[in-house]
Amino acid sequence: MAAKRIATAVLLVVLVLVPRLAKADGLVCIISHSGGALLIKPGKASEFYGLLRNGMKEDAAEDVACLVPDGTKVIITDQGFASSTVRVLTGPKKGCVGDVPVEYYGASCH
């Protein structure tokens, strides 16, 4: 009985605190960078730069990143200090997930 009460208390704390800690996640933003933004898929930065070093630009762009134009709507799925993970909501790259520097979407979020 005591274990059930503790579990309920822990669940309540999690349900109250987690949304407050992650309140920036879920914001819809607009990419506002001339030339668009290159979204590097999470965990693929090393592979991306390795492909570039070996002259495999097309493979890097297609397999581990996607280029989205200025004005593309994205949703933040994991907020970071210098970069965030976003999912593309509009355009030909809709559904692409990648990391983008914060300054590429700036204050355009709501």
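**Close-up A. Pairing of strand 5 with strand 6.** In this predicted model, strand 5 (residues 83-88) and strand 6 run antiparallel and are joined by five bridges. Within this pairing, Val 86 has Gly 98 of strand 6 as its bridge partner.

**Close-up B. The two faces of strand 6.** In a regular strand, side chains alternate between the two faces of the sheet. Strand 6 shows such an alternation. Gly 98 and Val 100 point to one face and are buried, whereas Val 97, Asp 99 and Pro 101 point to the other face and are not buried. Gly 98, on the buried face, is also the residue bridged to Val 86.

**Close-up C. Surroundings of His 110.** His 110 lies in the segment that follows strand 6 (97-101). With a relative accessibility of 62%, His 110 is exposed, because values over 50% fall in that class. When neighbours within four places in sequence are set aside, His 110 is in contact with Leu 27 and Val 28. The C-alpha atom of His 110 is separated by 9.2 Å from that of Gly 26, although these two residues are 84 residues apart along the chain.

**Close-up D. The aromatic pair of Phe 48 and Tyr 49.** The structure contains one aromatic pair. The ring centres of Phe 48 and Tyr 49 are 5.1 Å apart and the ring planes stand at 80 degrees, so the arrangement is edge-to-face; the cut-off for this class is over 60 degrees. The partners differ in exposure: Phe 48 is buried, with a relative accessible area of 6%, whereas Tyr 49 is partly exposed, at 43% relative accessibility.

Definitions and conventions:
Residues are numbered from 1 along each chain as its sequence is written. This is a predicted model: local features need pLDDT of at least 70, side-chain atom pairs count only at pLDDT 80 or more; totals for chains, interfaces and linings use all residues. Side-chain values use heavy atoms; hydrogens and water are left out. Rings of Phe, Tyr and Trp (its six-membered ring) pair if their centres lie within 6.5 Å; planes under 30 degrees apart count as stacked, over 60 as edge-to-face and the rest as tilted. Buried means under 20% relative accessible area, exposed over 50%, partly exposed in between (1.4 Å probe, protein chains only). Helices (H or I, at least four residues) and strands (E, at least two) are DSSP runs, numbered from the N terminus. Contact means heavy atoms within 4.5 Å. Two strands pair if DSSP finds at least two bridges between them.
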